[in-house]
Amino acid sequence: MSVAGRLGSISTRMLIILALAFLLIILMVYLVIETQGKPRIMEMTSETVVETGNEVINSIMVSINHVDGLAKASSTMAGGLPKEDALYQETFGNLMQQMDQRIVGGGVWFDPNMYAQGQERQSFVWARDESGSMQSVTRYDQVSQTPNAYYRDWWYIPALYANHDHCVWSRAYIDPTSNQPMMTCAKALYNSTNQAFDGVVSFNLLLDNLDAAMKRWQEKIGGYVFLVDLDNRFLTFPEQSLVTQTTANNPQGEMMNASQLATINPSFAPIADSLGRINDTLIEDATAKDKGRFTLAARSILSTTNLGKISEQESELLSALLLLNIDQTFNLVDSHLVDTIAVPNDFVLQQPATAFVFRMPFTYWKMVIVKPNSDLLSVANALSNQLIQAMLLGFIPILLLTAWVFRQYFTRPLQRMSLLVAEMGALIEQKQYQKLLAHKLPSSSVSEIQIISEQTNQLIDRVVENEGALAEINVHLEKQVAARTQDLQQAMDELKASQVQLVRSEKMATLGQMVAGVAHEVNTPLGYVRSNIELVGDNLTRFDELISQTDQLLQALKDSNADQAQVAQLTSQTLQCCEEIKEDEVSEDLADLIKDSLYGVDQIAELVVSLRDFSRIDESKVKDVDINDCINTSLVMARNNLKTLDITTNLATLPLIQCNPSQINQVLLNLFNNAAQAIAPDHKGELHITSAVDETQQQVVVRVTDNGVGINEHTLDRIFEPFFTTKKAGDGTGLGLAISTQIMEQHGGSIAATSIVGEGTTFTIVLPIQSKTYENKPSKALFEG
């Protein structure tokens, strides 16, 4: 068989159409995943990162609050002690000896003349030596060794102006003993007798464990995590050498700030700009709250601090921090996320990434989580690949089964029929008409093929019968009039031509009956069944998320070394996922969608049964129905075609009427779909449905109005004619409104249309309230004139 012959086969064409349809479905699924699924999954993954970031901030705040509480208690204790050297040395010496190893130093720093009259410097300071032991330090009281007085240092002055109960944290700097980053917590000291400012209590907190904690969280989150202080100076970074520099003021080294790193690595600029904007907002908030106090504090901090120890920007930030911390609160439930930034090419990850910026209460430190976009989309990519692979694997058996069924019930009967017809043609050419009776077409279980067989066999009987009569007449005439032989031969030739034409006409009429009634009306229920299945697929992703959360929880529970906090978090996330599914009523939505899909399949089955008779309408399913329910059900079934329209309803309270709900739904669906198709893609579509009761006529009236292109008067007069359509060839058969008209007549009702070109169309259907018309009215031919 040639290539053209193979492609001309019905089975081959059907399989090609199925394959093209399946490829189109895969393309649509891919587009849905790319345009809707991946952004949503990326959003959900980002939410997970945000939740983890909030957890990190809360865990750091526990340590911060510990030191903060320690400073508060020490300040209260120092303010109530008599000013005696031995007493301070013993009390604070014992306290410092019991400090955690992360506290590497601290002490009590009195303001000039506040410890003893005429005594400029008096402090009680302790610091760890190289072996880690806490030792008393006296050099800060000696002018020759410390020409820059401690009461003008950059952590002392802000504490002087602080009007709240929390620490004032200094910038990050490098501890000369451990060579690790550290910060100073400074808390004002007030005299317990007169509440006058006496000095400052301070504690130096080593940040080495903070870097280790960030690395642990980094392993959990992915990407990398780092902290910056109030002035955007780095507290931690995956590679500390990238953010450390030596300066004249700090020859042992100090941490650079974000803008300095952005100068060295321009790809870091989006993150640095965001951190800068957050600080600008902090200053703006402080200015808006009390500009006078903010300006006074900023200038005082800058002017009274030792020369070169603090910048104007840092003095303004400290002033804002002091002013805003009065109203600051800390809540474990609140989110600390302040910004999300797209990083085109992160210099650490060397790929596009997303940065999440969190702000810490009281200190206004910032934590940044930089996560590669590939990690955020990994779940979506895996889901897309698995879904397409599953569809491909599932399509092969469906294609083979369809090919077998079509070949078994359609192709083989048609092939046998074509062979018999070819043999008939050969016998007719040989003028062996009597032998045609041995080549009649067999019966078939396919109703359309059976009709062709019956009509063809009747034609054979007629041909044989006519041929027998002609033969007798021919013999008789040959004996009587030899001269009429030529006329009889001509009559026979004309009769043969008529017989061939009749075979063709009968065959084309039967094929027309089989094809014309199916093409349009099957598409409507198939459309919303497919739409519902797509919605079911979308909703099933929610259960995939629950399964993923449950798997993670099971793995954590099976791990004997699992962190209980992590197990608790996974349990909470799993329960939260379950609650969200319950709250969104996903299961109920799935049940409704499956119910609607089954209803659509029943619609198709009902249509096939109806097509068996071709022109009769089912009358067996009549019951009392609220037409509003039919309207709402039809809107649900047509929602895929109506998704771009603005739909409004004005439904009155209606009495129950006797009708076939599935057929009324069919009419409404046809009207809704026609309305959607009548609206141009670039036009804002509107669809308005109303229902009302006509008390005088005892009728229910439903109107469907669109703002589409409208219908001209000539076309409006013909829209209810069978097979009339304004669509392109292949887009419709023109049966929809014709069938709707007969359904309404069968129910004793009516359907009418009014339209204004350019403004829209209104279809009105009317149904009697207490009519028994549908039960009693006899059926009639579908397209009877």
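This report walks through a four-stranded sheet with its helices and then a pair of packed helices, in a model that is predicted.

**The sheet**

Let's start with the strands. Four of them form an open sheet in the order S8-S13-S12-S11, and their pairing is antiparallel. Strand S8 (224-228) and strand S11 (337-346) are the edge strands; each has a single partner strand, so one side of each is left without a neighbour in the sheet. On average, neighbouring strands here are turned by 20 degrees against each other, direction ignored. Strands of a sheet pair through backbone hydrogen bonds. Strand S12 (residues 351-359) pairs with strand S13 (residues 366-372) in the antiparallel sense, over seven bridges. To find one of these pairings, look at Val357, whose bridge partner in S13 is Val368.

Two helices meet this sheet, as the table shows.

| Helix | Strands touched | Direction |
|---|---|---|
| H5 (residues 208-221) | S8 and S13 | about 145 degrees to S8 |
| H7 (residues 269-304) | S8, S11, S12 and S13 | about 160 degrees with S11 |

**The helix pair**

Further along the chain, helix H12 (residues 523-558) packs with helix H13 (residues 564-583) at an angle of about 160 degrees, their axes being 9 Å apart. Angles over 145 degrees count as roughly antiparallel, and H12 and H13 are therefore roughly antiparallel to each other. The crossing of H12 past H13 is left-handed.

Which residues bring H12 and H13 together? On the H12 side they include Phe543, Leu546, Gln549 and Leu553, while the H13 side includes Val567, Leu570, Cys577 and Ile581. Sorted by class, this contact of H12 with H13 holds ten nonpolar, six polar and three charged residues.

Conventions
Residues are numbered from 1 along each chain as its sequence is written. This is a predicted model: local features need pLDDT of at least 70, side-chain atom pairs count only at pLDDT 80 or more; totals for chains, interfaces and linings use all residues. Side-chain values use heavy atoms; hydrogens and water are left out. Axes are lines fitted to C-alpha atoms, for helices over the stretch in contact, and angles run from 0 to 180 degrees between N-to-C directions. Helices (H or I, at least four residues) and strands (E, at least two) are DSSP runs, numbered from the N terminus. Angles under 35 degrees count as roughly parallel, over 145 as roughly antiparallel, 65 to 115 as roughly perpendicular and the rest as oblique. A crossing is left-handed if the near helix is turned anticlockwise from the far one by less than a right angle, and right-handed if clockwise. Contact means heavy atoms within 4.5 Å. Ala, Val, Leu, Ile, Met, Phe, Trp, Tyr, Cys and Pro count as nonpolar, Asp, Glu, Lys and Arg as charged, and the others, Gly among them, as polar. Two strands pair if DSSP finds at least two bridges between them.
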